[in-house]
Amino acid sequence: MTALAHPNIALIKYWGDRDSNLHIPLNGSISMNLGGLFTRAQVSLNPNPQRDELRLNGVTANPDDYRRVSAFLDHIRELSGRKVYFTINSHNNFPTSAGIASSASAFAALALAATKVCDLDLTEPELTRLARMGSGSACRSIPAGYVEWIAGYNHATSFARSIAPPEHWDLTDCIALISQEPKSTSSTQGHALASSSPLQAARLQTAEQRLQTCRQAILDRDFNALAQVVELDSNLMHSVMITSTPPLLYWQPPTLAVMHAIQNWRLDGFQVCYTIDAGPNVHVLCPTQQATEIATRLRNIPGVIQVLTARPGGATRIIENE
Ligand code: DP6
C-alpha cells in the first residue's frame, strides 16, 4: 500500500503544546499544502513478527527516528487490535535537509498507508487526529488545499479540516533555501521552550483574532489582508523564539536580506509576503502570475542557495493499492 502526502506551510503558526505527548497545541493554526513536493510511503505487513522495519530515503532509519515512528505505529496497533509489525519505505521528492517540515508529510502518508494495510477505514477527521500524534503539523497535511487545525483541548477535539480546496486560490510558495544544515533545535524541542518566553502569553491571547482574519482572507482571496496577518504571525512566533530560555534564533543574515527585499518589492507594487518556520529558510508567498518574477529575484539575493516553488496541494491519498 503506498500513500502520498504533501508537506504544508503554516500561515498561522503552531508553537507550544498543551499536551506534548498527543501534540495538542495551545493555539489553532492554518496552512497551505505544498503541491509538487511530497512524501511517498510504501507500507506492508512485516512477516517478522517482532519489530518494524523503517527505511527513510533508501537508508535504514537511525535509532531516534525509529523510536518515534514505532511509537506512532503503536497507536495503529492499538486501533486495529492486532499485534502486527510493518515494513516501511518512505521517500521525499524534496531535499530532506531543506528545512521543509518533512515530518508533516511523512506522518500523514504513513498514517493513511498503515491504517489501510490494517483494513482500517478512518474518516478524514479521524485520520488527522492519528497523524497529529506522529507530528502536530502532520494533521494539516491530511485534508486538501487550505487547512485549519482546530486546537481543541484533548484528543477528540483537536483535528484538522479543509477551509478551501487547492483550486480556490492560485498562490505560489517560493521557498528560498538559505542553509541545508540540519537545524540545531528541532520543533519538538522548541515547543517545550515556548512558555519560557514572556511574549508567548500575548501571542496566544491574540491568536484567535489572527485565525479569523486569515480564514476570511483565504475565503475572500484577499492577498493584502493575508500578507499582513501572515507576516505578523510569523514575526510573533519568532519574537517568542528569540526571547525563550535558552533563546532560539533561527534567522541567518540572508534570511533578513530576503525579508528586507520583500518589503521593498511590495513598495514596487508586487503582492508578496514572507513566513518563516523553525529554520533560516524563507517561504515567500505570491499570486502565481508573479511567481516566476519573484523566484528569479530571490535567486539573485546573495546567500540564497536554491528556490523551490509549490502551488496549493491536494489531500493525502493512496496511489498504489497492491
Ligand atoms: C514552526 O509539527 O514539526 O513549523 O508536533 O513536535 O512534530 P511536532 O512539531 P511540528 O511543529 C511545527 C512548527 C512550525 C510551525 C507550524 O508548522 O505550524
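An axis here is a line fitted to C-alpha atoms, for helices over the stretch in contact, and angles run from 0 to 180 degrees between N-to-C directions. Helices (H or I, at least four residues) and strands (E, at least two) are DSSP runs, numbered from the N terminus. This is a predicted model, where local features need pLDDT of at least 70, side-chain atom pairs count only at pLDDT 80 or more, and totals for chains, interfaces and linings use all residues. Residues are numbered from 1 along each chain as its sequence is written, and side-chain values use heavy atoms, with hydrogens and water left out.

**View A. Helix 6 packs on helix 7.** Helix 6 (residues 207-220) meets helix 7 at an angle of about 145°, and their axes are 9 Å apart. The crossing is left-handed (the near helix is turned anticlockwise from the far one by less than a right angle; clockwise would be right-handed). In contact terms (heavy atoms within 4.5 Å), helix 6 brings Arg-210, Thr-213, Cys-214, Ala-217 and Ile-218, while helix 7 brings Ala-225, Leu-226, Val-229, Leu-232, Asp-233 and Leu-236. Sort these residues and you get 8 nonpolar, 1 polar and 2 charged. For that sorting, Ala, Val, Leu, Ile, Met, Phe, Trp, Tyr, Cys and Pro count as nonpolar, Asp, Glu, Lys and Arg as charged, and the others, Gly among them, as polar.

**View B. Helix 1 meets helix 3.** The axes of helix 1 (residues 63-80) and helix 3 (residues 124-134) come within 9 Å and cross at roughly 150°. That makes helix 1 roughly antiparallel to helix 3 (angles under 35 degrees count as roughly parallel, over 145 as roughly antiparallel, 65 to 115 as roughly perpendicular and the rest as oblique). This crossing is right-handed. Look for Arg-68, Phe-72, His-75, Ile-76 and Leu-79 on helix 1, touching Leu-130, Ala-131, Met-133 and Gly-134 on helix 3. That group splits into 6 nonpolar, 2 polar and 1 charged.

**View C. Helix 1 also packs on helix 2.** Here helix 1 and helix 2 (residues 102-117) sit at an angle of about 40°, their axes 11 Å apart. That makes helix 1 oblique to helix 2. Their crossing is right-handed. From helix 1 come Arg-68, Val-69, Phe-72, Leu-73 and Ile-76, and from helix 2 come Phe-107, Leu-110, Ala-111, Ala-114 and Thr-115. The tally is 8 nonpolar, 1 polar and 1 charged.

**View D. The ligand and its surroundings.** There are 17 residues around the ligand (each with a heavy atom within 4 Å of it), and Ser-135, Gly-136, Ser-137, Arg-140 and Thr-188 come nearest. Now for some polar contacts (pairs of N or O atoms within 3.5 Å). A polar side-chain atom of Ser-135 is 2.7 Å from a ligand oxygen, and a polar backbone atom of Gly-136 is 2.7 Å from a ligand oxygen. Arg-68 joins in with a polar side-chain atom 2.9 Å from an oxygen of the ligand.

**View E. Two loops with backbone details.** In the loop between helix 7 (223-242) and helix 8 (253-267) you'll find Pro-246, joined to Thr-245 by a cis peptide bond with omega about -5°. His-23 lies in the loop between strand 3 (17-19) and strand 4 (24-25); its phi is near 55°, a positive value in a residue other than glycine.

Notes:
A polar contact is a pair of N or O atoms within 3.5 Å; within protein, one must be able to donate a hydrogen and the other to accept it, and residues adjacent in sequence count only if both atoms are side-chain atoms.
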